[in-house]
Structure formats: structure tokens, C-alpha cells
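Q: Please take a close look at one part of this model, the three-stranded sheet and what packs with it. How are the strands paired, and which residues form the core?

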Amino acid sequence: MKKLMLISVFFSLLLNCTVTEKPEFIGVENIKVLDSNIKTITLSADANFINPNDVGGSLKTDDLKVFINDTEAAKFEAKSFDVPSNKSFTIPLTVAVSTDSIIDKKSIGGLFGSLISQRLKVQYKGKIDYKVLGYSSSYDVDKTQDLKIKL
């Protein structure tokens with residue numbers, strides 16, 4: 001009798017959890033320079049979401065890249081973020097970009113111009129992947145912002 005009751009409670013909890021929709025992607029905000037020196041520029045941003053479901057899941061940023069002055073400068077490493085249930089949440093998108101990675105022959109003039117004016121065009125572009133209970137989905141990210149730097 002206890003086993004039947006335990007199984008009954010388990011299935012009722014499982015069936016009462018809502019996984020009707022994926023978390024809503026609000027957008028990428030607060031792109032800023034955390035640190036800059038002659039070797040690296042550390043950038044951060046916040047990806048904002050709302051999860052209306054009773055279960056969490058995980059988000060991965062494997063397919064997200066950072067472009068500086070229209071040149072790919074960095075790719076996010078495989079890091080997984082836990083999704084809380086029934087709440088708004090933010091995942092940090094922090095990346096250190098080597099200044100060597102944004103120098104090439106076609107953009108060197110633009111980079112030097114940016115360094116002199118101390119302004120960079122920073123773009124977060126790619127996908128953030130969501131996974132929960134065998135279900136997966138992706139969010140397209142494309143946010144551009146001009147930032148002031150200090151070297």
C-alpha cells in the first residue's frame with residue numbers, strides 16, 4: 001500500500017509540473033568594459049530571461065561569439081548555467097579578449113582609430129542553448145553597442 005501511495009504521489013508531482021513553454025529571452029543588456037590594458041580587454045554583459053515553468057534546466061553559451069569592430073574577437077567557452085524555476089534570472093556573459101585577436105590587415109586602421117578615439121563597436125552574436133528533460137531550444141542573440149575604453 002505504501003508503494004502504491006509513493007508511486008501515486010510521484011506521478012502527481014510529475015504531472016503537475018509545468019513545462020509548457022521555454023523561458024522567455026528578454027535580451028542582452030549592460031555591455032561594458034570591466035578592464036582594459038595593452039594585452040586584453042575584459043567585457044561583460046547580462047542575458048536576461050524569465051522562466052514561467054515549474055522546472056529549471058540549463059543554458060549553454062557554446063555558440064556565442066564576440067565581435068569587435070566587425071572582427072570576431074572571442075568565443076565563449078562551454079559553460080552551463082542553471083535555470084531557476086518560476087522566476088526572472090540573469091546569466092553573466094563575461095569574456096577576456098586578447099587585443100592581438102582583433103588586429104588583422106583589413107581592420108588595423110579601424111582598430112587604431114578606435115584606440116585613439118577610445119571607442120569600440122562590440123557585438124555579442126550567436127545562440128544560447130536551453131535544455132530541460134530531453135527538450136532543447138535555442139535563442140538568437142545579436143546585440144551591438146559602442147563602448148568607451150581606457151588603455
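A: Strands S1 and S2 (residues 40-51) run antiparallel and are joined by nine bridges; strands here are DSSP runs of E of at least two residues, numbered from the N terminus, and two of them pair if DSSP finds at least two bridges between them. In this pair, Ser36 stands opposite Ile41 in S2. The model is predicted, so local features need pLDDT of at least 70 and side-chain atom pairs count only at pLDDT 80 or more, while totals for chains, interfaces and linings use all residues. Residues are numbered from 1 along each chain as its sequence is written, and side-chain values use heavy atoms, without hydrogens or water.

The sheet is open, with antiparallel pairing and the order S1-S2-S6. Strands S1 (24-36) and S6 (87-98) each have a single partner strand, so one side of each is left without a neighbour in the sheet.

The largest nonpolar core (buried Ala, Val, Leu, Ile, Met, Phe, Trp, Tyr and Cys residues joined through side-chain atoms within 4.5 Å; buried means under 20% relative accessible area, with a 1.4 Å probe and protein chains only) has 32 residues. Among those with the most contacts inside this core are Leu43, Ile91 and Val122. S1, S2 and S6 are among the elements giving two or more residues to the core, but its largest share, six residues, comes from S7. Leaving aside neighbours within four places in sequence, Val122 is in contact (heavy atoms within 4.5 Å) with residues including Ile31, Leu43 and Val66.

Terms used: Helices (H or I, at least four residues) and strands (E, at least two) are DSSP runs, numbered from the N terminus. Buried means under 20% relative accessible area, exposed over 50%, partly exposed in between (1.4 Å probe, protein chains only).
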